[in-house]
Structures are given as C-alpha cells and as structure tokens.
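Trainee: I would be grateful for a close look at the ligand site of this structure. Please also describe the parts of the fold that surround the residues in question.

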Amino acid sequence: MALDVDYVRKRLPGRVVSYFPRIDSTMPEAARLAAAGCGPGTIVVADEQTAGQGRYGRYWHSEAESGLYASIVLRPALSSSSLPVLMLALGLATAEAIARATNLGCDIRWPNDVLINDKKVAGILVQLQDRFVIAGIGINVNHAELPPDLAGIATSLRAESGKPQSREQVLVALLPAVESFCRMLVTGGKEAILNMFYRCSSYARGKRVIVEAVDGVVEGITAGLDPSGFLIVEQDDGTKRLILAGGVRAADARRG
Ligand code: BTN
C-alpha cells in the first residue's frame, strides 16, 4: 500500500513532507529543496527508489511500498567538528523512533547502522550541503524477503516482530527523534551523545570487530570512542587504532 501521506502530514504539523510514489533517490531531491531554501525539518519521502544510495557508493535496496526511504533536511547550529557525533546522534534517533513505533529494541553498529538480532534494519547516509545537513534514512519495515546478497546480514521490522508494521508511524516517530537528538547535541555537547551511544551500542566497547578501513583491514576489540566520536580498536598486539571511517562488522559475523 502507498504511504498515507495525509496521516503523516497531520501528525507533523508545520513540516513540509514532500512525497513521491517513485523517485531515483530522495537525496538529490532533498539537496535540491535545501538549495532552494527550504526550512529545516523538511522531509522527502518515497515509496520506492530506483537508485537508492548507500554509504561508500553502495546501493540501498528500496523495494516498493516496503521500506521507509526518507531524507530530512537539517540545519543544526554545529561546527563541522561535530559531524562525526551528529552521525552517531542520527543512529540513536533512528533506533529510538523504531522502538517508539514498534517496541523493538535495536543495537547500533558504529557509526550508525541500526541492527536487530545482529542484522541491519536501518542505514543512514549523511550529506553536507552549504549550511545544511541532509540525513538520508532507510528503514526496512515490511520486507517479507530480502535479496540473496542481503538475506544473511539484513532484516526488517516485520521479520523481527512477526507482524506488519506501519511505515507512517515509524516516519511520524522519526522526525521528532532526529530533532530531539540534534538538540541534545547542540545543548548538551558531544559528551551527551557519546554517553547515550555507550548505553545503546554493544559495539562501543569490548566487541571483537573487523574494520575495512581506507588503509586496510583492522581487527581487534573495540575500546570506546575518542572525544570526536571516532572508534578506537585495540589490536591483538596491544596497539590502538583510531577508526575515522570504514565498514565495521562483528568478527564472528558474516561479511557484509
Ligand atoms: C547505508 O549504506 O547504510 C546508508 C543507507 C541510506 C539509505 C537511505 S534511503 C533514503 C535516502 N535516499 C537514498 O538514496 N539513500 C538514503
């Protein structure tokens, strides 16, 4: 079923919700609206993306009317040094919105992959445009099946709860959660978000991980985050590596 955009608009008063039954990706459309001067909190949402964008140039599987594919235009009063922590905040917000709408508890894999039972249920892509931040959030809501390359590493809210879930309710929970975590970062500083991340992510400390970093593969045990929000991994020889970017996976998990 198509998204009930009237339901969403009624529950997000004062927000612009730009809806597309089908689009290549919500990211360029949100960038276009930001460039045209739209207000913060503007959301672009689609029932289907024909060229969904993931991190590191990957594609984002965007099956029609199954997932939530949304880009939110934000304008937080933050300097660029806060961006890594903003990425964490967006993961926390997405996990909170899922919990509010479905009662499902999530884990967060640094920096912001949202997992349920060790499988990815939501991913976040952050793009900067002038003074705007565009948060692209993809949530697997009602996928009954995922393509073979994702089946072992991804899941959906429906698969995890055993029943269909309302994309509208997840979207209605998402925007306030994103705004509230951004506010927490602006008013409480990076430490407030880092503390939340420690509470909500099993990946922050004591997890054996493999990281596909830009300069090679790093394996070790996670040893917290530095004050900027980067991940510290202690390798078996005792040396510590700071991970600025890269795909992280649990060392016992399948590749993906
Ligand atoms: C990731 O690789 O984990 C990030 C995935 C982000 C997907 C979302 S879906 C809405 C928005 N539009 C896109 O094309 N990508 C993001």
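Mentor: In this predicted model, a polar side-chain atom of Lys-120 lies 2.6 Å from an oxygen atom of the ligand. Taken alone, the ligand exposes 420 Å², and the protein buries 98% of that area. Another side-chain contact comes from Thr-26, a polar atom of which is 2.9 Å from a ligand nitrogen. Arg-55 takes part through its backbone: an N or O atom of its main chain lies 2.7 Å from an oxygen atom of the ligand. There are 20 residues around the ligand, and those that come nearest are Ser-25, Gln-49, Gln-53, Arg-55 and Lys-120.

Lys-120 also leads into the fold, where it stands in strand S6, opposite Leu-115. Strands S5 and S6 run antiparallel and are joined by three bridges. They form a hairpin with two residues between the strands, and in this hairpin Asn-117 takes a positive phi near 50 degrees. On to the next strand, S6 pairs with S7 in the antiparallel sense over eight bridges. One of the facing pairs is Leu-125 with Gly-136, the latter in S7. The hairpin of S6 and S7 likewise has two residues between the strands, and Asp-130 there has a positive phi near 50 degrees.

These strands belong to an open sheet of seven, in the order S1-S2-S3-S7-S6-S5-S4, with mixed pairing. Its edges are S1 (17-20) and S4 (107-109), each of which pairs on one side only. On average, neighbouring strands of the sheet are turned by 20 degrees against each other, direction ignored. Helix H3, residues 83-102, packs on this sheet and touches S3 (68-74), S4, S5 (113-116), S6 (119-129) and S7 (132-139). The direction of H3 makes about 140 degrees with that of S6, the strand of Lys-120. At the S1 edge, the pairing with S2 (residues 43-46) is parallel, over four bridges. Val-17 has Ile-43 of S2 as its bridge partner.

Away from this sheet, helix H6 covers residues 167-188. At its start, a side-chain oxygen of Ser-166 reaches to within 3.3 Å of the backbone nitrogen of Glu-168. Why should H6 span 32 Å? Because the expected rise is 1.5 Å a residue, its 22 residues give that value, and the 31 Å between its end C-alpha atoms agrees with it. Just after H6, Gly-189 takes a positive phi of about 80 degrees.

A further open sheet consists of five strands in the order S11-S10-S9-S8-S12, with antiparallel pairing. S11 (240-243) and S12 (247-250) are its edge strands, each pairing on one side only. Neighbouring strands here are turned by 45 degrees against each other on average, direction ignored. Within it, S8 (residues 205-213) and S9 (residues 216-225) are joined by seven bridges, and Ile-210 stands opposite Glu-219 in S9. Four bridges join S10 (residues 231-234) to S11, with Leu-231 partnered by Ile-243 of S11. S10 and S11 form a hairpin with five residues between them, and Gly-238 in its turn has a positive phi of about 90 degrees.

To return to the site, Lys-120 is among the residues that come nearest to the ligand, and its place in S6 opposite Leu-115 ties the site to the seven-stranded sheet.

Key: Residues are numbered from 1 along each chain as its sequence is written. This is a predicted model: local features need pLDDT of at least 70, side-chain atom pairs count only at pLDDT 80 or more; totals for chains, interfaces and linings use all residues. Side-chain values use heavy atoms; hydrogens and water are left out. The expected span of a helix is 1.5 Å times one less than its number of residues. A polar contact is a pair of N or O atoms within 3.5 Å; within protein, one must be able to donate a hydrogen and the other to accept it, and residues adjacent in sequence count only if both atoms are side-chain atoms. Two strands pair if DSSP finds at least two bridges between them. Axes are lines fitted to C-alpha atoms, for helices over the stretch in contact, and angles run from 0 to 180 degrees between N-to-C directions. Contact means heavy atoms within 4.5 Å. A residue is near a molecule or strand if one of its heavy atoms lies within 4 Å of it. Accessible areas come from the Shrake-Rupley method with a 1.4 Å probe; for residues, only the protein chains shown count as cover.
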